[in-house]
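Here are some notes to read alongside the model. Take them in any order you like.

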Amino acid sequence: MYEDNWKKLLSQSCTTVSELSEYITLNREEQEWFDTVETGLSLLVNPYFAELAGTSEAIRRQCVPRAAELLRTEVESDDPLAEDANSPLPRMVHRYKNRVAVLVTDHCAMHCRHCFRRSFTGQGRKPLSRQERDEICFYLKEHTEVKEVLLTGGDLLTLSDGPLLELLKAFRDVREDLLLRLATRIPSSLPQRITPYLVQELGKLGPVWVITQFNHPHELTRESRGALNLLRKGGLPVMNQTVLLKGINDREDVLAELFQSLLVQGVKPYYLFQGDLAAGTSHFRTNLERGWEIMKNLRREISGLAMPVYAVDLPGGGGKIPLSESYLVEKKEAGFCFQNPEGHSFIYPDE
Ligand SMILES: *Cc1c(COP(=O)(O)O)cnc(C)c1O
Ligand code: SF4
């Protein structure tokens, strides 16, 4: 096995319509995007994911742009979570008291067509500079209320081992107890990047959690299962975030299979995200009522362990909230009246 095979794959990513055509014959809707587009999130798909896209419609829709993306609705924005307003330093978002998000790089192993940080992603910015990193480290030293650093982007695992580990060590040197949370799509988008060496080095860094993004069971290939296995055997806890995507995974059977398969791989489904209001993503959004219905039906199909929290990042900087479906029907004299997933009513007393 070539440890650096992933670099070759990444460098061979399709960025033009003719490169993509080697894997996929574009349909009219897809072709129309290429004919019309001037700005927005560019095409980027590495050969591994492009090949997968050729075999699965659900994968294809996540990485091949379509004309529907050209539509920008009134409720959408370039900064749907108002992250700019919560950025005390250029590459750092401090929205919640005890955790910060650091945008390490704008580079990814593929451009997800539903990306909500699409105005940052793939803009050819430089990775976090040494000076920016030092400023963040200084901030973390001062702000001891911060217990967790989320490293995101873009996808930080597109960095080579050297710069990546140097960055993580710098954050680790700030405080031993600081939890480092790596948010990465790499285990699904370019699993070859998860090498034994990388996992071994991550394992030496103290508390590190990995948060992946798998949206469809077709992403759980032999390669990605291998990557998840390496992470697990390396002692790194892995959780997954799924984006609820219309026409891709907005079905009980698809999500049940995805969450169950992730569990079997040792990955805990963490969040199921309602789509953010990022410009050009309206064709991916399901409505909330359908989301609640899916969650309620899933509860009957899979175990509590397999259930993620259905959540949304409220537009305009409201932050993340769980969209927990409520089983509470009313409060009666005798107590709280609940309806279970099968539709039967039960009372829990108010003592
Ligand atoms: C999502 C997010 C977090 C992490 O939130 P959790 O609910 O702990 O997963 C932290 N900071 C920012 C800016 C976020 O968007
Ligand atoms: S990997 Fe993440 S940051 Fe990159 S395009 Fe996909 S959703 Fe956006």
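1. Does Ala-82 count as buried or exposed? Ala-82 counts as buried, because its relative accessibility is 18% (buried means under 20% relative accessible area, exposed over 50%, and partly exposed in between, with a 1.4 Å probe and protein chains only). You'll find Ala-82 in the loop between helix 5 and strand 1. Have a look at its backbone too: Ala-82 has a positive phi of about 50 degrees, although it is not a glycine.

2. A word on what you're looking at. This is a predicted model, in which local features need pLDDT of at least 70 and side-chain atom pairs count only at pLDDT 80 or more, while totals for chains, interfaces and linings use all residues. Residues are numbered from 1 along each chain as its sequence is written, chains are lettered from A and ligands numbered from 1 in the order in which they are written, and side-chain values use heavy atoms, with hydrogens and water left out.

3. Now the overall picture. The protein has twelve helices and twelve strands; these are DSSP runs numbered from the N terminus, with helices being H or I of at least four residues and strands E of at least two. The C-alpha atoms fit in a box of roughly 65 × 55 × 40 Å along the principal axes. The radius of gyration is 21 Å, which agrees with the value near 20 Å for a compact globule of 351 residues (taken over C-alpha atoms, the globule rule being 2.2 Å times the number of residues to the power 0.38).

4. How much of the protein is buried? Buried residues make up 52% of the 351. About 16,600 Å² is exposed, and carbon and sulfur atoms supply 51% of that (areas by the Shrake-Rupley method with a 1.4 Å probe; for residues, only the protein chains shown count as cover). Of the contacts with a separation of 6 or more, 76% are between residues 24 or more positions apart, where contact means heavy atoms within 4.5 Å.

5. On to charges. There are 42 positive and 49 negative ones, and their mean positions are 3 Å apart. Lys and Arg count as positive and Asp and Glu as negative, leaving out His and the chain ends; each charge is placed at NZ of Lys, CZ of Arg, CG of Asp or CD of Glu.

6. The salt bridges come to 23, each being a side-chain nitrogen of Lys or Arg within 4 Å of a carboxyl oxygen of Asp or Glu. One of them pairs Arg-118 with Glu-69, at 3.0 Å from N to O. Arg-118 sits in the loop between strand 2 (99-105) and helix 6 (130-142), and Glu-69 in the loop between helix 5 (57-63) and strand 1 (92-96), so this pair links distant parts of the chain, 49 residues apart. Both Arg-118 and Glu-69 are buried.

7. Arg-193 and Asp-161 form another salt bridge, with the closest N and O atoms 2.7 Å apart. This pair also links distant parts of the chain: Arg-193 is in the loop between helix 8 (186-189) and helix 9 (196-203), Asp-161 is in helix 7 (residues 161-174), and 32 residues separate them. Both Arg-193 and Asp-161 are buried.

8. Compare Glu-330 and Lys-332, whose salt bridge has its closest N and O atoms 3.9 Å apart. Glu-330 is partly exposed, with a relative accessible area of 38%, and Lys-332 counts as partly exposed at 38% relative accessibility. Elsewhere, salt bridges that share partners join Arg-130, Arg-133, Asp-134 and Glu-166 into one network.

9. Check the peptide bond between Gly-153 and Gly-154: it is cis, with omega about 15 degrees. Gly-154 is in the loop between strand 3 (148-153) and helix 7.

10. What does Leu-167 touch, not counting residues up to four places away in sequence? Its partners are Val-104, Leu-128, Arg-133 and Leu-151. Leu-167 belongs to helix 7 and is buried, with a relative accessible area of 7%.

11. Finally, Gly-316, in the loop between strand 8 (309-314) and strand 9 (319-322). Gly-316 is exposed, with a relative accessible area of 63%. Residues up to four places away aside, Gly-316 touches Pro-80 and Ala-82, which brings us back to the residue in the opening question.
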